[in-house]
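Q: I would like to learn how to read the features of a structure one by one. Could you take me through the model below, giving the general idea wherever there is one and then the case at hand?

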Amino acid sequence: MYAMVYALSTSISTVEELKEYVYGTLCSDHDILADAFPKSSTPLRRGGEICGIMFCVHGPRTVEFTAIWEQSRNRVFFFGPTGVRYRLVELGETPLSKLRLTAW
């Protein structure tokens, strides 16, 4: 069972930096090598507009480690392989929170 952890990080200002941070966190939290397994990202839409991104590391034996970035509050939820949320990172006011994601 994972404990909920709240953290604050404000050094992320681009989607690429967000991807690196999320994938790095998922891999280190679950003791897997960052380049050993495939990764994917999928935009989440509300009313046709992108409102977030779901990140996934596809681990061994079809195990998936996921995170969801919520743009409106600029925070990232991390989920373990059983779907239990174990970490919430609030990114605060960064250029990323004001970014308009139109194309994916």
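Q: In which sense do β4 and strand β5 pair, and over how many bridges?

A: This is a predicted model, and in it β4 and strand β5 (residues 75–79) pair in the antiparallel sense, with five bridges between them. One position to look at is Ala-67, whose bridge partner in β5 is Phe-78. The hairpin of β4 and β5 has four residues between the strands, and Asn-74 takes a positive phi near 50° there.

Q: Where do these strands belong in the order of elements along the chain?

A: The chain holds two helices and six strands, and reading along the sequence gives the pattern β-α-β-β-β-β-β-α.

Q: How does strand β2 join strand β3, and what is found in the hairpin of β2 and β3?

A: Strand β2 (residues 39–46) and strand β3 (residues 49–58) run antiparallel and are joined by eight bridges. Within this pairing, Lys-39 has Val-57 of β3 as its bridge partner. Two residues lie between the strands of the hairpin, where Gly-47 takes a positive phi near 60°.

Q: In which sense do β3 and strand β4 pair?

A: β3 and strand β4 (residues 64–70) pair in the antiparallel sense, over seven bridges. Val-57 has Phe-65 as its bridge partner in β4, while Gly-52 stands opposite Glu-70 of β4. In the hairpin of β3 and β4, with five residues between the strands, Arg-61 takes a positive phi near 50°.

Q: How should I read the side chains of a strand, and how many of the residues of β4 are buried?

A: In a regular strand, side chains alternate between the two faces of the sheet. In this structure β4 is mostly covered, since five of its seven residues are buried. For the chain, buried residues make up 38% of the 104 residues.

Q: Where is the place of Ala-67, and with which residues is Ala-67 in contact?

A: Ala-67 lies in strand β4 and counts as buried because its relative accessibility is 0%, where the cut-off for buried is under 20%. If its neighbours within four places in sequence are left aside, its contacts include Val-22 and Leu-26, together with Ile-53, Met-54 and Phe-55, and also Val-76, Phe-77, Phe-78 and Phe-79. The C-alpha atoms of Ala-67 and Met-54 are separated by 5.8 Å, although these residues are 13 apart along the chain.

Q: How is a pair of aromatic rings described, and how many aromatic pairs does a search of the whole structure find?

A: A pair of aromatic rings is described by the distance of the centres and the angle of the planes. A search of the whole structure finds three aromatic pairs. One of them joins Tyr-21 and Phe-78, whose ring centres are 6.3 Å apart and whose planes stand at 80°, so the pair is edge-to-face. This pair links distant parts of the chain, with Tyr-21 in helix α1 (residues 15–29) and Phe-78 in strand β5, 57 residues apart.

Q: Which of these residues is buried and which is partly exposed, and what other aromatic pair does Phe-78 form?

A: Tyr-21 counts as partly exposed at 23% relative accessibility, whereas Phe-78, at 0%, counts as buried. Phe-78 also forms an aromatic pair with Tyr-86, and this pair is tilted, with 6.3 Å centre to centre and 50° between the planes. Tyr-86 is buried as well, with a relative accessibility of 4%. Ring pairs thus link Tyr-21, Phe-78 and Tyr-86 into a cluster.

Q: What is a disulfide, and how many disulfides does a search of the whole structure find?

A: A disulfide is a covalent bond between the sulfur atoms of two cysteines. The search of the whole structure finds zero disulfides. As for cysteine exposure, Cys-27 counts as buried at 2% relative accessibility, whereas Cys-51 is partly exposed, with a relative accessible area of 21%.

Q: What do the contacts and the accessible surface of the chain come to?

A: Among contacts between residues at least 6 apart in sequence, 44% join residues at least 24 apart. The accessible surface of the chain comes to about 6,100 Å², and 54% of that surface belongs to carbon and sulfur atoms.

Conventions: Residues are numbered from 1 along each chain as its sequence is written. This is a predicted model: local features need pLDDT of at least 70, side-chain atom pairs count only at pLDDT 80 or more; totals for chains, interfaces and linings use all residues. Side-chain values use heavy atoms; hydrogens and water are left out. A disulfide is a pair of cysteine sulfur atoms within 2.5 Å. Buried means under 20% relative accessible area, exposed over 50%, partly exposed in between (1.4 Å probe, protein chains only). Contact means heavy atoms within 4.5 Å. Accessible areas come from the Shrake-Rupley method with a 1.4 Å probe; for residues, only the protein chains shown count as cover. Two strands pair if DSSP finds at least two bridges between them. Rings of Phe, Tyr and Trp (its six-membered ring) pair if their centres lie within 6.5 Å; planes under 30 degrees apart count as stacked, over 60 as edge-to-face and the rest as tilted.
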